[in-house]
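Please consider the structure shown below. The paragraphs that follow lead through its surface and then turn to its cysteines.

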Amino acid sequence: MVKRIITYGTFDLFHIGHVRLLKRLRALGDELYVGCATDAFNKMKDKSSIIPFEERVEVLSACRYVDYVFPEENWEQKPSDIEGFGAHVFGIGDDWEGKFDYLSKHCEVIYLSRTDEVSTTQLIQYVQCIPKR
Ligand code: C2G
């Protein structure tokens, strides 16, 4: 039986924190499916991304730990995604601890520790401080 893992995120300015999370999730099973937040959904999350959706999908698809990427368009789609894809485990960083426990009706729910000292916001702030040439 193929053990399928599922997760969701924006994955803007792809960085080591994203890689380490995807690597650990993939190690829990045989396949990792990733819901990538669309630009429209990010607006709903009050979270704009620098890199457009299509490019964030291309970057995720190039990651060795990712088997399939699909659009995350709203908060409500997770249960039908889990059923539709036949996912056995939903995993996400522990900055979401407890927020997705309701999915335990559909699959195992796990929260993995985030990678400290790195975030998209910090990367943006760092780049903004670099003096223009
Ligand atoms: N992450 C991490 N370490 C970091 C930064 C992010 O482990 N230093 C993890 C987050 O916990 C998340 C994933 O990487 O599991 C993607 O992070 P974001 O792109 O910030 O995703 P987010 O905005 O949290 O969207 O429906 C769920 C949402 O789409 C999650």
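D116 counts as exposed in this predicted model, because its relative accessibility is 61%, and a residue is called exposed over 50%. Along the chain, D116 belongs to the loop that runs between strand β5 (108-112) and helix α5 (120-129). On the surface, D116 takes part in a negative patch, together with D94, E97, D101 and E117.

A patch of another kind involves helix α5, in which Y126 is found. The side chain of Y126 joins V127 and I130 in a nonpolar surface patch. Together, Y126, V127 and I130 have about 330 Å² of accessible area. Y126 itself is exposed, since its relative accessible area is 59%.

The cysteines remain to be considered. How many disulfides does the structure hold? The number is zero. A disulfide requires two cysteine sulfur atoms within 2.5 Å, and the distances explain the absence of a bond for two of the cysteines. For C63, the closest cysteine sulfur is that of C36, and the separation of 12 Å is too far for a bond. For C107, the closest cysteine sulfur is likewise in C36, at 19 Å, which is also too far for a bond.

Are these two cysteines, C63 and C107, buried or exposed? C63 counts as buried because its relative accessibility is 10%, and the limit for a buried residue is under 20%. C107, at 8% relative accessibility, counts as buried as well.

Notes: Residues numbered from 1 in each chain as written. Predicted model: local features only at pLDDT ≥ 70, side-chain atom pairs only at ≥ 80, totals over all residues. Heavy atoms only, no water. Buried < 20%, exposed > 50% of the residue type's maximum accessible area, 1.4 Å probe, protein only. Patch = residues over 30% accessible without salt bridge, like charges linked within 9 Å, V, L, I, M, F, W, Y side chains within 5 Å. Areas by Shrake-Rupley, 256 points an atom, 1.4 Å probe, with all protein chains shown as cover. Salt bridge = Lys/Arg side-chain N within 4 Å of Asp/Glu carboxyl O. Lys, Arg positive; Asp, Glu negative; His and termini not counted. Charge placed at Lys NZ, Arg CZ, Asp CG, Glu CD. Helix = DSSP H or I, 4+ residues; strand = E, 2+ residues; numbered from the N terminus.
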